[in-house]
Structure formats: structure tokens, C-alpha cells
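Subject: Structure handover

Hi,

Here is the structure I promised to pass on. Have a look at it first, and then read my notes below.

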Amino acid sequence: MHRETFCGRVSKLSAMSASDMYVNSQAQTWNYDYETDVGLAQKFHKRLPGYCPSPLVALDDVAKELGVKAVFVKDESSRLGLPAFKILGASWGTFRALADRTGLPLDASLEDAAKAAQRSRLVLLAATEGNHGRAVARMGKILGIQTQIYMSRYADHETVQKIESEGANVTVISGDYDEAVGKASAESKQNPNHLLIQDNAFEGYEQIPAWIVEGYSTLLVESEQQLASQGLRATLMITPIGVGSLGHAVVAHCKWGGRKIKVLTVEPETAACLNRNLQSQTWETIETSATIMNGMNCGTVSPISWPVFLKGVDASVMISDLECHKAIKYLQAHDVNAGPCGAASLAALRRAKALDPAAIGLDSNAVVVLLSTEGARGYTLPAGASDT
């Protein structure tokens, strides 16, 4: 079990409740500093075929229900031809790793990148619960090279087929997600032509996950620009958490350059590694179990993201599969093509509103951005759910 205690960094917490909402009242005073120019990632994404900003959809009924100024959904259900945001991180992480290995300039064309990858006979490897692996596989297809993906025992047949449709070879192991990561890492070390593109860091593997985090900055900059076109600025952003790469990017954006945007994170009750770590102020692995939010079924927060979360997350909640299902049905009825991980943000907003609205600044001036990270997909209905 991974375990690390961060002494002297404990923020003032709200009283523990049955719902286990975590609140850090000091997060608003913390600032994040990027070490590199994340604008390079945005320029790279604009070179990818089919790039355009994803929609920012107003949920006026939700804003009225909660008594806030505005609520928007950043709809990532169709990003560069894939049903999730993951391609933004996977593409930039792959390109940076390829450039680092071959000496390509960071403004190189995709054609030049593909030639360099093919000359080096690179094979991309990754572990996934679904969308990250498909995104890495898509980059393998764009570059014209092989991809090997490892998945946990929770992998469903439909997800495996979608990854294989990108030309990847998929191996489902008998262990959990963390074990799949270990398998991919071990395989990548056996051949110098193998390149691991993983969105969670571990000892000795930090740089590529950091580049993946940078890649996600594109959707956050898009959101800011889309709000600005309406004369608005976000006061709260809600992000799902798996291993933490997107959440890391969200906290970085919201606490960077003088911004003071509150961040609320959400996880499944059955896989709430960040929430549990924040409550205990200790980074450690937890046991997880099945959830309809497959892409968030992770037991360990990425170690490069944990210190950022500890300082910069304003609040954290957990939601049930049933709450998530209800949010899915609501969003789909309002023309947002959300899957379980995507709808989690709306469920979290309603949960936090019921528990401690002041902690996340839910007042009449609040402008809320929900990150809907994946498109609709099949899942087993949770107990008590209706399909109507």
C-alpha cells in the first residue's frame, strides 16, 4: 500500500458528516504556477484533424433551481471524433514523449511526427478503464504505429470492442486498475521501442503524466473564452476524479494567474480515493468496487496531483450510482449527451448544495461550470433506478 503523510499542510476542515463532504477553507489563498507554456498544447490541438471547441451548454433550469446566476455544462461527448475529453491529454502526452525521444521540434507537423514514430518502430502502451486507452489507441492510429492496452477485470465487452476498433490490441487482466498499470509499466520496460502513455504518475514515471495534465488545459481555456463571450467568469468548476489528471488541470487553471475559482471534486462512493485521502490528509491506496462510473474506478490518486489537490481543492463529495443515474437522465433530456462520468458533476452540484452551499460559493452571483467528461454509453441500472 502506498502511504505518505503531508505534515504541516492540514487545512481547516468542515465537521465530518455522514455524507463525508470535505471542505478546505484555505484553498482560495493558494496559487498554482505552471512550469511550462501550456499554450503550446493548445496550438498542437488545433493541428489535429477535426479540432473545434466543445460546446458550453447553459442549464437555465438548474441555475433557477439552485438560485445561482448561471450553470453551464462543458460537453466533452464528442472531442476530436471520440466520446470523451481524454484525447486532449493523450495526444499531447504522446507527442511530447515522441518529441523528447526523437528530437522533433514542438511545432512539428503530424506528418513529421508520424514519420519519426514509424522510423523508431514505437509501440504505445497504456492501462485504462476505457476512455484513456481509446484515446491512446487513436494516437497510435494517427501516427501509424501499434498500440497495446491493458484493462482491469471490470472491463466491459463494449468498451474493449471500441478500443480494438482503433486498431489496438487489448488485454484484460484478472486484477484491478492499479494492477493493469503495473502490467503496462512492466511491459514497457522490456523493450526500448515501447512507450508508456499513462495518465497517472508513479515513482520514476512523472514527466509524461505531467504533459497529459497540460493537454487538458485546452478545454479549460476554451471554457473561459466561451464564458467571456457572454460577459461571464466562472466562480465554481466541478470536476470528476479518477486518477486525478483532469482534476489536476482544473485546480491548476482555477488557481493560476490570479484566478480564484472554487473547485469541487466528485467521485463514486465505491472508489473515492481522493475524498478519503483528503479526509485523512494522507496519500494512500484504497480498495474499490464496481460502479457505473467506470472511468473513475481508481484506488490511487496520481502522486504528482495529490499535493495540488491537498492545497487547491475547495471541496470534495462522493455520489452514489443512483444519484449519477438521475443526473444522466436529466442531462440527456436537456440535449447533453452525458455518460455516467460526465453526469457526475451535476450530481455533485446537487449534493453539495444540500450539504454546504456556502463552502462552494453557491449564491445569486455564482457562475458554475460542470465538466461532462464522456458521452452516453451503456451501463447496468443501479438498484432503485428507472430507465425512463
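**The largest cavity**

Sorted by class, the residues lining the largest cavity are nine nonpolar, ten polar and four charged. Before going further, please keep in mind that this is a predicted model.

The count gives three cavities of 30 Å³ or more, and the largest cavity holds about 270 Å³ of space. It is lined by 23 residues, and F85, K86, G242, G295 and M296 are the ones closest to its centre. As for the elements involved, α5 (131–143) and α10 each give two or more residues to this lining. The biggest share is from α10, with three residues.

**The largest pocket**

Now for the open space. You'd find about 340 Å³ in the largest pocket. Its lining is made of 13 residues, with Y32, D33, E35, A210 and H248 nearest the centre. In terms of class, that lining splits into seven nonpolar, three polar and three charged residues. Helix α8, which covers residues 207–215, gives the most to it, namely five residues.

**How α8 packs on α3**

That same α8 also turns up in one of the helix pairs I looked at. Its partner is helix α3 (residues 86–102); the two axes come within 7 Å and cross at roughly 135°. Angles over 145° would count as roughly antiparallel, so at roughly 135° α3 is oblique to α8. The handedness of this crossing is right-handed.

If you want to pull up the contact, select L88, G89, W92, G93, R96, A97 and D100 on the α3 side, and I208, W211, I212, E214 and G215 on the α8 side. Between them, these residues divide into six nonpolar, three polar and three charged.

**How α9 packs on α10**

The other pair brings back α10 (residues 245–254), the helix that gives three residues to the lining of the largest cavity. Here the partner is helix α9 (residues 217–228), and the axes come within 9 Å and cross at roughly 45°. Which label fits that angle: parallel, perpendicular or oblique? It makes α9 oblique to α10, because the roughly parallel class takes angles under 35° and the roughly perpendicular one starts at 65°. The crossing of α9 and α10 is right-handed.

In this contact, α9 brings L219, L220, V221 and E224, and they meet L246, A249, V250 and H253 of α10. By class that is six nonpolar residues, one polar and one charged.

That's what I have for now. Shout if anything is unclear.

Cheers

Notes
Residues are numbered from 1 along each chain as its sequence is written. This is a predicted model: local features need pLDDT of at least 70, side-chain atom pairs count only at pLDDT 80 or more; totals for chains, interfaces and linings use all residues. Side-chain values use heavy atoms; hydrogens and water are left out. Axes are lines fitted to C-alpha atoms, for helices over the stretch in contact, and angles run from 0 to 180 degrees between N-to-C directions. Helices (H or I, at least four residues) and strands (E, at least two) are DSSP runs, numbered from the N terminus. Angles under 35 degrees count as roughly parallel, over 145 as roughly antiparallel, 65 to 115 as roughly perpendicular and the rest as oblique. A crossing is left-handed if the near helix is turned anticlockwise from the far one by less than a right angle, and right-handed if clockwise. Contact means heavy atoms within 4.5 Å. Ala, Val, Leu, Ile, Met, Phe, Trp, Tyr, Cys and Pro count as nonpolar, Asp, Glu, Lys and Arg as charged, and the others, Gly among them, as polar. On a 1 Å grid over the protein atoms alone, a cavity is a set of points where a 1.4 Å probe fits but cannot get out, and a pocket is an open set with protein on both sides within 12 Å along at least five of seven lines; lining residues have an atom within 4 Å of a point. Grid points are joined across faces, edges and corners, and a volume is the space filled by probe spheres set on the points.
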